[in-house]
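Student: I have a model open and a list of labels for it. Can we go through what earns each label?

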Amino acid sequence: MAAASTTKISWRLSEFEAHSKMVSCLALAKHSGRLLATGGEDCSVNIWSISKANCIMSLTGHKNPVECVEINSTDEQVVTGSQSGSVRVWDLEAAKILRTLTGHRSSITSLSCHPFGEYIASSSMDMNIKLWDVRRKGYIFSFSGHSEAVRSLAFSPDGKWLASASDDCSVKLWDLAQGKVIKEFRSHAAAVNTVQFHPNEYLLASGSSDRTIKLWDLEKFTMIGSLEGNTTPVRCMLFSPDGCCLYSGATDCLRVFGWEPDRCFDMVSVGWGKVSDLAVCNQQLIAASHHLSIVSSYVVDLKRVKKSGGSVIQGIIQHNQPLTEPKDPKGATIRRSYERPTTTCRERRSPSEEEADEKLSSAEIHNAEDYREIFQPKNAISRTPPRMSEPFPAPPEDGESHTNHRPGALSDDEAVTQIKKGHDTMCVMLSSRHKNLETVRAVWVREDIKVSALDTAVSINDLSIVVDILNIINLQPSLWKLDLCTTVLPQIDKLLQSKYESYMQTGCTSVKLIMKHFWVLISDTLKATPSVGVDISREERHQKCRLCCKQLKNLSNIVKNKAAQVGRHGSTFRELQLLMAPLDDSL
């Protein structure tokens, strides 16, 4: 390896077209850090070696787009969830399906494999969580309690608890033996996207769209830390193998956090876009992301990343003076450690146990050499092939490697020139946006948000201003009134049909709030028997409710059309479709 290449902290490892249609989900193997599973709109699941663009195996059988995928703790099985709500379990070594699990009524949103034993947890747009025994056809428990979609599930290292993170801003801890919730944690101000248990201690981490990570003590059931500094939503997290720090994956950025006291050890800019999953192997952090039909993998050299010292977080500012190292690098508090069974037993199922539709499923091996080497090694004890266990070499610093400089790519000078071309235009646009926001803010302070400020934002005829205002009031449901709904709903129509993903997400959030807080009022008002005599206030309320109902029905048609999309975007619209189902029965 060239000496120059050893100074690189992060680099792209590979980039390839993973499916014939859009990729909707992916998962890295946590055991080896060398396998990748992808699911797509083409209804198939593909298995890859993380550094190669050649597919090892394709798993077919799902009749609907694959929305969720997970690799178990030993890299032996892949679990997949589809848009129809079915869950399938595949044996990679035998290259066949083990079980099809049905019971959810809508799209699968998250999956988790038990650390040992034949158990799987799944969640769906129906807001239920199910615990399955793969050896049986039905589920063991069905948990309900979240009011919005569950985005992440995680088993505790001892296999006794299950944590769930939801769009309803909460984290719940479930006791698997008793089949009930132990504790609900509520401190996040936005959807919780990911949840992870500490590998050793009774500690739980949750990452949110509010750009923070909360740490929860599972002995005292209290929050012991709030890690801040991310400038975009936290998309995925991973504790270091020794549990000394926490890696946080956000858009184009990796942060390394410590706690007690809360501090940021390091920040690494990585061009991975909206990263989907993280794994650690050979002192390297492996990451993967997807966009359209393309999947990219990245490497961060952890030997060059700070995992101790650092400074207390002040926003995103780092002080030059490091903290004094604590005597116990894992934190000042000594917590209980998980107890794990020393042996596990796997039960192989006979072909006679398989269901009829499973016979139609198949595993097509594209690369026989890699398949035999990875999934059918001569030495059954070591599942990771020797030649893949070495750290991935960094590309040369001059960027001549194909992983950093592709044919047709712009040089740095050319890229800067392209950016400068639009700089003046962007400055004018931002200046105008700032001026308009100041106008709305003046009305907000002078009068109130109920109608006046939002009416002013609408009159400016700039959808970006409406989005900025809605992003604020969406976090404060108490500000919403029926008058506000009548003003907002016509704007939401434009947001849901916008080409900008952030606009659509803002519009969907507003519709959720209106349906949750006002639909019962609207429905009851329209169904109520007319009162005797003249009641001006009632007539005005009836008029507003009738207008809102009409606008919501128009939005419902847009939502139904967009619910067929795949990925996080489609999942949001399908969840909204379920929430708006009462409109079909309305007057």
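Tutor: Start with pairing. Two strands pair if DSSP finds at least two bridges between them. Keep in mind that this is a predicted model.

Student: What makes E18, E19, E20 and E21 a sheet, and is it open or closed?

Tutor: The 4 strands pair in the order E18-E19-E20-E21, antiparallel, and the sheet is open. Strand E18 (192-197) and strand E21 (222-227) each have a single partner strand, so one side of each lacks a neighbour in the sheet. On average, neighbouring strands here are turned by 20° against each other, direction ignored.

Student: How do you know that E19 and E20 pair?

Tutor: The cut-off is at least two bridges. Strand E19 (residues 203-208) and strand E20 (residues 213-217) have 5, in the antiparallel sense. Ala205, for instance, has Leu215 in E20 as its bridge partner.

Student: Which strands pair with E16?

Tutor: Strand E15 (residues 161-166) pairs with E16 over 5 bridges, antiparallel. Ser164 has Lys172 in E16 as its bridge partner. Another 5 bridges join E16 to strand E17 (residues 180-185), again antiparallel. There, Val171 stands opposite Phe185.

Student: What do the turns of these hairpins show?

Tutor: The hairpin of E15 and E16 has 4 residues between its strands, and Cys169 takes a positive phi near 75°. The hairpin of E16 and E17 also has 4 residues between its strands; Gly179 in that turn has a positive phi of about 70°.

Student: Why is E16 called mostly covered?

Tutor: Buried means under 20% relative accessible area. In strand E16 (residues 171-175), 5 of the 5 residues are buried. Val171, Leu173 and Asp175 are buried on one side, Lys172 and Trp174 on the other. Both faces are covered.

Student: Why is the pair of Phe239 and Trp259 called edge-to-face?

Tutor: Ring centres must lie within 6.5 Å, and planes over 60 degrees apart count as edge-to-face. Here the centres are 5.7 Å apart and the planes stand at 85°, so Phe239 and Trp259 form an edge-to-face pair. The rule gives 8 aromatic pairs.

Student: What makes it a link between distant parts of the chain?

Tutor: Phe239 is in strand E22 (residues 236-239), and Trp259 is in the loop between strand E24 (253-258) and strand E25 (263-269). The two residues are 20 apart.

Student: Are Phe239 and Trp259 buried or exposed?

Tutor: Phe239 has a relative accessible area of 6%, so Phe239 is buried. Trp259 is at 2%, so Trp259 is buried too.

Student: Which other rings are worth a look?

Tutor: Ring pairs link Phe141, Phe143 and Trp174 into a cluster. Lys130 lies over the face of Tyr139, 4.0 Å from the ring centre.

Student: What is unusual about the peptide bond from Glu260 to Pro261?

Tutor: Most peptide bonds are trans. The bond from Glu260 to Pro261 is cis, with omega near 5°. Pro261 lies in the loop between E24 and E25.

Student: Which residues other than glycine are listed with a positive phi?

Tutor: Gln283 is one of them, with phi near 60°. Leu292 also has a positive phi, of about 55°. Gln283 lies in the loop between strand E26 (275-281) and strand E27 (284-291). Leu292 is in the loop between E27 and strand E28 (294-301).

Student: Why is Gln283 called exposed, but Leu547 partly exposed?

Tutor: Exposed means over 50%, and partly exposed runs between 20% and that value. Gln283 is at 51%, so Gln283 counts as exposed. Leu547, in helix H8, is at 37%, so Leu547 is partly exposed.

Student: Which residues touch the most other members of the largest nonpolar core?

Tutor: They are Trp480, Ile522, Leu552, Leu555 and Met580, in a core of 43 residues. Helix H7 (501-527) is among the elements giving two or more residues. H7 gives the largest share, 11 residues. Beyond its neighbours within four places in sequence, Trp480 contacts residues including Leu470, Cys485, Leu513 and Phe518. Another core, of 22 residues, lies apart, with Cys25, Val66, Ile71 and Phe375 among its members.

How values were computed
Residues are numbered from 1 along each chain as its sequence is written. This is a predicted model: local features need pLDDT of at least 70, side-chain atom pairs count only at pLDDT 80 or more; totals for chains, interfaces and linings use all residues. Side-chain values use heavy atoms; hydrogens and water are left out. Rings of Phe, Tyr and Trp (its six-membered ring) pair if their centres lie within 6.5 Å; planes under 30 degrees apart count as stacked, over 60 as edge-to-face and the rest as tilted. Buried means under 20% relative accessible area, exposed over 50%, partly exposed in between (1.4 Å probe, protein chains only). A charge sits over a ring if NZ of Lys or CZ of Arg is within 6 Å of the ring centre and within 35 degrees of the ring normal. Axes are lines fitted to C-alpha atoms, for helices over the stretch in contact, and angles run from 0 to 180 degrees between N-to-C directions. A nonpolar core is a set of buried Ala, Val, Leu, Ile, Met, Phe, Trp, Tyr and Cys residues joined through side-chain atoms within 4.5 Å. Contact means heavy atoms within 4.5 Å.
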